[in-house]
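Dear colleague,

Please find below the structure that I am handing over to you. A summary of what was found in it follows.

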Amino acid sequence: MSMVSAPYAHYEGASFYRSKKWSIGEGEIGGKAKGVAFAAEALQTNPLGKCIDFPRVSYVLTTEVFNDFMVRNNLEPVVRSAENFEEIERAFEAANFSESLRDTLVNILLDIDTPVAVRSSSVLEDDLAFSFAGKYSTRFFGNSGDLEYRLHRFERAIKLVYASTFNPSAKEYRRRHGIKLAQERMAIIIQPIVGRERGQLYYPELAGVAFSKVYRRPSPRVKREEGLLRLCFGLGTRAVARANAKVFYLSLPGLRVEGNRASDIIAHAQDEFDYIDLKRGFFLSNRIDMALDHIVTHHKNAYSFLELSDGEMFYMLHGGIVSDIQKMWPVMTFSNFPRRFSTFFEKICCLLKLMEEKAGLAVDLEFTYETEDDRLALVQMRPLATFEEWGDVEIPQIPSERIVLRGNRMISNGKLMGVRHLVYVDPKLYMEMREFVQIARAVGKANEKLSGERYILVGPGRWGSTNPLLGVPVSYGEISGCGCIVEVSIPSAGVVPELSYGSHFFLDLDTDKILYLPVFCGEHGNICNEQWFEKTPFFVGEHEAVRIYEGNFGVYLNGEREIGVIVDET
């Protein structure tokens with residue numbers, strides 16, 4: 001299907017907000033707001049709309065408001081001369097809005113009586129060619145307290161989203177894709193957070209992202225055309241980040257990609273959840289085990305996604321026999337969810353098909369779900385970044401000593417030849433030294449040094465993880481030049497790769513056509529050639545845990561046979 005001729009490409013969406021008087025300013029509404037409007041209009045004219053909820057109201061500050069703010073506060077010179085992003089943020093926070101805009105913001109606060117999400121909606125965000133996934137900011141606030149305090153929090157959230165236009169990851173993304181800053185302008189979409197008040201906490205019971213196509217399959221049995229979803233308990237922030245969330249492939253909802261061993265299930269299970277603290281008015285997180293009493297008290301169907309484990313077995317919260325609950329801990333397994341809530345999967349599949357049909361291309365949805373009344377709410381819709389697979393890739397016959405890395409799970413088709421450099425983070429040093437931030441910055445320096453060429457990046461666990469114990473916490477700008485990313489497990493430390501497909505991280509891989517290879521050390525068919533890494537000459541990066549190998553490397557990934565290898569072809 002031609003992306004250019006797709007209906008979504010010609011959709012503007014501004015009239016949707018202006019007809020309801022939800023648009024502030026005469027400028028553009030941006031990609032994210034356009035997606036919300038498109039989805040809302042599609043549901044209004046389809047019977048499916050009767051069983052799908054939608055945010056009651058979504059205001060948009062158009063690009064005209066952003067431009068006026070920049071001019072009014074003379075911020076262009078600050079953006080050009082600032083030595084770091086923190087300086088830009090401080091300048092934006094100190095800037096002022098016009099009195100007329102402040103009056104408008106007060107009226108918005110009087111109209112929305114729930115916690116609020118202030119989201120970026122730049123002109124190129126969620127574009128057909130550029131996702132800008134996770135590059136700009138979203139700010140949550142509790143919308144509690146007196147009106148003056150709420151207005152202060154609201155204004156600050158807007159200013160920080162505006163400032164995020166110039167953050168390092170966004171700047172690097174534009175540079176990599178040849179986008180001039182003049183082509184990109186920021187709008188903002190303001191939405192009431194879809195959720196419910198539960199004690200002093202506010203959040204949806206479940207939230208996630210769904211995709212109408214699967215471009216990176218864990219198994220040939222998974223059908224590309226039936227999509228997948230990532231589901232988490234609480235606010236959906238963990239579904240789009242490289243945090244643990246439950247993955248369901250819609251053609252095989254019972255498939256456990258993480259494996260069936262208790263240790264593997266626990267290692268991949270969500271261990272924290274996000275919410276708005278209504279008393280303090282802030283976005284916060286808590287551990288699942290610390291919040292067990294709260295979850296059981298406020299969620300009648302908790303047993304459909306939560307079980308207790310002793311590390312060997314799982315026990316249901318209701319109906320199971322647990323001899324000593326003190327020796328158990330809660331695990332978000334979602335084991336009973338597909339059976340108990342089959343209507344949820346039916347609605348998601350219908351919604352994906354409808355939006356794909358209306359948009360004329362593959363789509364990516366954000367949603368929330370309440371199990372007690374079986375209510376599904378659509379929060380966002382955007383085009384899904386396409387992943388251009390190679391045809392069947394032939395794996396070359398090569399001596400075992402020349403195989404640097406080999407994996408046999410979660411492989412897509414792809415090939416990269418004549419690669420001159422391989423950047424390697426030593427897993428042992430990474431875990432022993434625990435200088436996670438310094439190592440991440442050193443990777444960024446290597447990326448900068450190799451600017452202009454596609455290199456192979458190898459390291460422990462999940463690149464870009466929000467938890468450094470699970471992987472190197474790099475930002476997009478620190479790995480933007482790589483052509484293939486490899487995640488290596490450390491079984492002794494519980495560090496494992498994860499195909500967090502649908503996260504902002506993997507949307508970047510798809511958009512930038514970066515190949516991905518996970519290597520599960522110790523498992524049959526997986527190789528991490530430690531002898532090669534130790535005996536092959538290398539340069540030490542700006543941290544001793546970072547090594548740079550120079551040579552002639554090839555990457556061969558065959559998704560049909562589920563084999564991926566990186567070879568030394570020197």
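Lys 347 counts as buried, with a relative accessibility of 12%; buried means under 20% relative accessible area, exposed over 50% and partly exposed in between (1.4 Å probe, protein chains only). Please note that this is a predicted model: local features need pLDDT of at least 70, side-chain atom pairs count only at pLDDT 80 or more, and totals for chains, interfaces and linings use all residues. Residues are numbered from 1 along each chain as its sequence is written, and side-chain values use heavy atoms, with hydrogens and water left out.

Salt bridges

The whole structure contains 21 salt bridges, each being a side-chain nitrogen of Lys or Arg within 4 Å of a carboxyl oxygen of Asp or Glu. Lys 347 forms one with Asp 374, with 3.3 Å between the closest N and O atoms. Because Lys 347 belongs to helix α13 (residues 342–359) and Asp 374 to the loop between β17 (363–370) and β18 (375–383), this pair ties together parts that are 27 residues apart in sequence. Helices (H or I, at least four residues) and strands (E, at least two) are DSSP runs, numbered from the N terminus. Asp 374 is partly exposed, at 22% relative accessibility.

Strands β17 and β18 are also connected by a salt bridge: Arg 382 lies in β18 and Asp 364 in β17, so parts 18 residues apart in sequence are tied together. The N to O distance for Arg 382 and Asp 364 is 2.8 Å, and both residues are buried.

A further salt bridge joins the side chains of Glu 28 and Arg 185 at 2.5 Å, N to O. Glu 28 is in the loop between β1 (23–24) and α2 (30–44), and Arg 185 is in the loop between α8 (168–176) and β6 (188–192), so the pair ties together parts that are 157 residues apart in sequence. Glu 28 is partly exposed at 38% relative accessibility, as is Arg 185 at 23%. In addition, Arg 238, Glu 272 and Asp 274 are linked in a network of salt bridges.

Helix α5

In helix α5 (residues 85–94), the buried residues are Phe 85, Ile 88, Glu 89 and Phe 92. Viewed down the helix axis, they fall within an arc of 100 degrees and therefore line one face of α5; the arc is that of the directions from the helix axis to the C-beta atoms. They pack against α3 (63–72), α4 (76–81), β5 (138–141), α7 (147–163) and α8. The face turned away from this buried side carries the exposed residues Arg 90 and Ala 94.

Nonpolar cores

The largest nonpolar core has 104 residues, of which Tyr 17, Phe 92, Tyr 162, Leu 229, Phe 337, Phe 344 and Met 355 touch the most other members. Such a core is a set of buried Ala, Val, Leu, Ile, Met, Phe, Trp, Tyr and Cys residues joined through side-chain atoms within 4.5 Å. A second, separate core of 28 residues includes Ile 490, Ala 545, Val 546 and Ile 548.

Confidence

The mean pLDDT (the predictor's confidence in each residue, from 0 to 100) is 87 for the chain, and 91% of the residues score at least 70. Among the elements, helix α16 (residues 504–511) has the lowest mean, 66, and strand β8 (residues 201–203) the highest, 97. Over residues 319–323, pLDDT stays under 50, and the model has five contacts for them beyond four places in sequence; contact means heavy atoms within 4.5 Å.

Yours sincerely
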